[in-house]
Amino acid sequence: MDRIGVVGCGLMGSGIAEIAARAGGKVLVVEADAAAMERGLERIERSLARAVNSKKMSESEGAEVRANLSFSTDFSELADRELVVEAVAEDESVKLEVFRKIDAAVEDPHAILATNTSSIPIIKLAMATQRPQQVIGLHFFNPVPVLKLVELISSLLTSAETTARARDYATNFLGKRVITSPDRAGFVVNALLIPYLLSAIRMLESGFASPEDIDTGMVVGCAHPMGPLALTDLIGLDTTMAVAESLYEEFKEPHFAPPPLLSRMTQAGLLGRKSGQGFFAYRS
Ligand code: 3HC
């Protein structure tokens, strides 16, 4: 698969578009409007500049990646895509609408329609299309250019051929390490990670320890690359909240329930790195 579409160019979509273009694919990025497209383009530019500055990529390689990328606000331009990866906001009604639009636009009868959702059942998105056997979850991790993992999630209706082609693409084209998960909220990684992050937020909320000490404890004491509160800031408090809610809705287990502090901070727009303030402050 060489003609790739990525719908949504936020934190995750920009990373997915970048690695697909770096791997040599012709990537069309579709965004909702011109302003979102501009922000997505800037994100990719920043990441490429970082790779060039740190000598992981030459100037000419950077130029080749840029030449592999094109941008549009028109879904109909997805017509000739062989693989489309949806990476819009973690909101079920938005994703369902986007899947209907992708399904209507893509003409290749063998095309795979993938989603980077971290919390919405793949089957729900599949049923919004006329080709549920070609819908699959490809769940990437942030920062996408750095983290090697992809979770592969087949729904009850995903065909064996779709699963095999998507696995092959992620492994051999993108160079990712693939694990498989059933179509259950949280998949493998978030089902383990989110209760840990929520525990750290509860610890903070109860006054048990300071944000700095909670994070230092896990970085220095357990060699995690970052502490749970900084990681929640990286993921985004809104996304963490959405994943926790879907886990709680699916399993009704208290350790998946979002603590009030997370809800209030999300409602206040204190979303972490992307808003400049979460558990810690960030300069833009
Ligand atoms: N894009 C491209 N490259 C990046 C990057 C980005 N956004 N952020 C960091 N990097 C690269 C740097 O260039 C650097 O590469 P180098 O060592 O070859 O020069 C390397 O990553 C390390 O970066 P830094 O030195 O700037 O900073 P750190 O060493 O502190 O690493 C980190 C930053 C990569 C974010 C690291 O702290 C980390 O891996 N943290 C854990 C992240 C994590 O757990 N993510 C999973 C979140 S869960 C998720 O995404 C699922 C969702 O559904 C919720």
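This briefing covers the ligand site and a set of paired strands. The model is predicted. The ligand has 18 residues around it. Domain 1 (3-181) and domain 2 (191-267) each give at least three residues to that shell.

**Ligand contacts**
- R50, K56, S118, H139 and N142 are the closest residues to the ligand.
- R50 places a polar side-chain atom 2.9 Å from an oxygen atom of the ligand.
- N190 does likewise, with a polar side-chain atom 3.0 Å from an oxygen atom of the ligand.
- N142 uses its backbone: an N or O atom there lies 2.8 Å from a nitrogen atom of the ligand.
- On its own, the ligand has 1,000 Å² of accessible area, and the protein covers 63% of it.

**Make-up of the shell**
- Helix 2 (34-53), helix 7 (189-205) and helix 9 (228-235) are the elements that give two or more residues to the shell around the ligand.
- Helix 9 supplies the largest share, three residues.
- The shell holds 11 nonpolar, five polar and two charged residues.

**Strands 6, 7 and 8**
- Strand 6 (residues 135-140) and strand 7 (residues 149-154) run antiparallel, joined by five bridges.
- Across this pairing, L138 stands opposite L152 of strand 7.
- Strand 7 also joins strand 8 (residues 177-181) through five bridges, and these two strands run parallel.
- L152 has T180 as its bridge partner in strand 8.
- Helix 6 (residues 160-173) forms a right-handed β-α-β unit with strand 7 and strand 8.

How values were computed:
Residues are numbered from 1 along each chain as its sequence is written. This is a predicted model: local features need pLDDT of at least 70, side-chain atom pairs count only at pLDDT 80 or more; totals for chains, interfaces and linings use all residues. Side-chain values use heavy atoms; hydrogens and water are left out. Two strands pair if DSSP finds at least two bridges between them. Helices (H or I, at least four residues) and strands (E, at least two) are DSSP runs, numbered from the N terminus. A crossover is right-handed if, with the strands pointing away from the viewer, the path from the first strand over the helix to the second runs clockwise. A residue is near a molecule or strand if one of its heavy atoms lies within 4 Å of it. A polar contact is a pair of N or O atoms within 3.5 Å; within protein, one must be able to donate a hydrogen and the other to accept it, and residues adjacent in sequence count only if both atoms are side-chain atoms. Accessible areas come from the Shrake-Rupley method with a 1.4 Å probe; for residues, only the protein chains shown count as cover. Ala, Val, Leu, Ile, Met, Phe, Trp, Tyr, Cys and Pro count as nonpolar, Asp, Glu, Lys and Arg as charged, and the others, Gly among them, as polar. Domain bounds come from an automatic or database domain assignment.
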